[in-house]
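Hi everyone, thanks for coming. I'll take you through two spots in a protein today, so have a look at the picture first.

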Amino acid sequence: MSSLSQYMQLLLLVILLGINGVVSSSVEEYKTYIIHLDHSHKPPSFESHESWHLSTLESLSSSPGNAQDMLLYSYTHAIHGFSVRLTPSQLYELEKSPAHLATYPESFGKLFTTHSPQFLGLSEKSGIWPSAGLEAKGEKMSNYQKTPRDFLGHGTHTSSTAVGNHVLGAGYFGYAKGTARGIAPGAWLAMYKVSLSGSITSTDVLAAMDQAIADGVDILSLSLGIDHEPYFKDVIAIASLAAIQKGIFVVCAAGNDGVHNTTYNGAPWIMTVGASTLDRTFTSKLTLENGLLLEGTSYFPESAYISNAPLYYGKDHAKKASCSALSSNETVGKVVLCDGTDDLFSQIEELKRVKAYAGILSTADETTLFPNDYTFPILILPTSSGTLVRNYVTKVANAKVRSIRFGLITLRKKPTPQVADFSSRGPDPISPTILKPDILAPGVDILAAYVDTPFVEVAGYNLVTDYAIDSGTSMATPHIAGVAALLKAVYPKWSPAAIRSAMMTTTYTLDNNGSVLIDQSTLLTATPLEFGVGHVNPNKAMDPGLIYDAHLQDHINFLCGLNYNEKQMKVILKHGHWKCSEKLTDLNYPSFMAIFPNTTTSQSIKSFKRVVTNVGEDVTTYRVSMDIPSTMRVRVEPSVLEFTKKYEKKGFVVRVEIGKQAPNLVYGFLKWTDQHNHIASSPIVAMKM
């Protein structure tokens with residue numbers, strides 16, 4: 001029996017789609033709230049939290065009498081409290097209760113797939129028990145809607161990425177044919193889905209996390225996010241800290257905003273995942289009559305072959321050249337070159353309208369179309385290749401396409417991996433002193449299982465696929481969840497922080513050209529603000545040598561350093577008993593983020609304390625080395641760590657110094673190396689803000 005089977009890891013993928021609406025009364029408007037209560041005020045006469053919550057609602061002078069109709073969820077594990085529909089008068093009265101800690105108005109979030117549900121043409125169906133969201137709006141659900149099945153596909157895709165079993169002959173309409181499998185195919189899976197429509201509500205997210213903690217899952221994976229809020233207002237951060245205290249590893253998507261200072265789910269007890277590209281691309285090959293061979297991008301879902309077709313380009317008319325106003329008299333049965341700034345989706349629709357045979361779209365941005373946008377035989381060429389086609393078609397009287405072949409795969413593309421253009425970047429908007437995202441994992445063109453729902457329409461026919469290609473930090477996150485399951489199987493007693501550290505200190509930051517990872521959006525060298533500590537390396541993570549561990553008191557000290565007041569601390573920690581042994585804005589974290597004021601006119605120094613635990617050989621010696629630029633000075637004391645037994649701990653101090661002439665962002669790497677080939681690497685980032 002495998003180690004995974006022995007420990008039977010229970011992996012949770014929370015794929016949440018929902019919306020709680022507004023119900024109007026004739027007097028006051030009802031809105032949805034999460035009410036956070038102080039558990040110590042619960043009278044012992046109540047057998048359950050729900051009975052206490054119902055009694056609390058029934059005691060309101062303005063209560064309609066049936067509290068069960070008002071109550072949406074009771075929470076016991078993620079927080080103590082409930083979600084409810086209230087009028088302003090009822091909320092005002094409830095907030096006067098001595099048990100009241102905080103009120104969170106219903107907030108809305110999103111899935112972190114680059115796919116948008118509207119592109120799929122789906123009805124608002126998706127969910128594992130999403131009753132509260134829709135029924136709060138007064139909508140009735142059919143028995144079909146109440147089933148635990150996934151109707152949107154996002155949950156199926158992410159779940160199978162993490163723990164899917166081996167499936168022979170998987171593929172997407174001929175693309176990526178082969179054996180599909182998840183990262184940890186021996187793990188157990190529990191999916192918690194909370195609503196039936198395309199948005200996410202905080203009440204439903206919290207309910208799923210609350211139930212997952214109660215069920216005793218080992219890993220919580222969330223491919224979604226809600227608004228950026230301080231931790232005492234962030235239900236994902238609050239529920240995740242409750243999960244961490246139960247030994248549950250929490251991993252979340254960093255978001256798809258694609259610019260700096262936009263990372264989601266950045267609490268330091270959450271592992272935050274950015275997305276990278278693969279070395280595999282889906283392509284088509286174009287051969288012109290003059291013999292010129294060009295390769296482009298295409299996901300057209302048929303193994304079509306076009307040969308000896310006339311080539312058209314509206315060279316004397318700007319709108320025809322850009323395929324924004326074509327004439328069917330000129331384009332019927334021809335391959336049309338589109339060379340303009342109009343969005344590619346509109347160009348495809350125009351090609352279909354004028355009954356073109358196929359399309360060649362020349363663009364500087366090859367990443368704007370999704371696989372299910374390829375409803376017509378097109379290939380995307382970069383501008384440099386498109387220029388070659390334009391030069392040919394404008395100089396030859398009867399330009400022709402010798403052939404276009406679809407359904408091809410290009411492997412070992414260089415340079416890869418790259419930071420995906422959509423992946424959210426740091427610094428974190430809530431805690432910039434913690435480097436986020438933490439890590440990169442594959443999140444572009446991920447093939448995984450899908451639901452039997454129409455995925456793409458071609459020539460008026462809806463095509464269905466068992467496996468689909470999707471992109472987003474949603475897709476990157478289950479890769480890390482799967483690696484965490486493997487680590488949990490090998491090291492069942494490790495803390496969530498230890499599991500995170502094993503992955504973070506064993507990453508790589510060089511692509512398959514041997515250069516530092518590239519940012520896909522700029523094609524320039526990326527930095528830790530884009531890639532965190534680097535790209536996950538699962539095999540190395542299984543034997544990290546050293547780990548940076550952290551426990552609840554470390555997180556309490558971090559929160560104390562944020563100067564939260566007593567009530568805010570109580571909201572996050574779920575209880576009123578804690579002690580600030582230190583006030584820190586840093587943690588025993590596997591990365592270093594030094595923030596300096598951008599007005600500094602002199603040398604600036606930041607110090608960090610770290611403790612590492614030996615999880616390798618009993619007797620070993622680690623020596624420090626650094627790869628840093630000339631504009632940064634780093635001193636580590638001591639520079640040698642000698643261990644005489646496994647799980648022994650050693651501390652060290654890192655001092656980071658930058659000069660007044662240093663750029664706004666500078667970074668390097670600190671590495672601990674022993675004689676057993678262990679290398680524990682950490683980025684050191686200095687940033688002026």
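Okay, let's start with one side chain. A polar atom in the side chain of asparagine 265 sits 2.8 Å from the backbone oxygen of alanine 253. Keep in mind that this is a predicted model.

Where is asparagine 265 in the chain? You'll find it in the loop between β14 (249-253) and β15 (271-276). And is asparagine 265 buried or exposed? Its relative accessible area is 8%, and since buried means under 20%, asparagine 265 counts as buried. If we skip its neighbours within four places in sequence, asparagine 265 touches several residues, including Phe112, Leu224, Ile236 and Thr272.

Now, on to the second spot, a sheet. This one is an open sheet of five strands with mixed pairing, and the order is β32-β39-β38-β34-β36. At the edges we have β32 (592-596) and β36 (640-643), each pairing on one side only. From one strand to the next, the twist averages 20°.

Let's walk across part of it. β36 pairs with β34 in the antiparallel sense, over four bridges, and here arginine 623 stands opposite valine 640 in β36. Next, β34 (residues 620-627) and β38 (residues 665-674) are antiparallel too, with six bridges. One pair to look for is aspartate 627 with its bridge partner in β38, phenylalanine 669.

Then β38 runs antiparallel to β39 (residues 679-688), over nine bridges, and tyrosine 667 faces valine 685 in β39. What do β38 and β39 form? A hairpin, with four residues between the strands. In that turn, asparagine 677 has a positive phi of about 70°.

Key
Residues are numbered from 1 along each chain as its sequence is written. This is a predicted model: local features need pLDDT of at least 70, side-chain atom pairs count only at pLDDT 80 or more; totals for chains, interfaces and linings use all residues. Side-chain values use heavy atoms; hydrogens and water are left out. Two strands pair if DSSP finds at least two bridges between them. Helices (H or I, at least four residues) and strands (E, at least two) are DSSP runs, numbered from the N terminus. Buried means under 20% relative accessible area, exposed over 50%, partly exposed in between (1.4 Å probe, protein chains only). A polar contact is a pair of N or O atoms within 3.5 Å; within protein, one must be able to donate a hydrogen and the other to accept it, and residues adjacent in sequence count only if both atoms are side-chain atoms. Contact means heavy atoms within 4.5 Å. Axes are lines fitted to C-alpha atoms, for helices over the stretch in contact, and angles run from 0 to 180 degrees between N-to-C directions.
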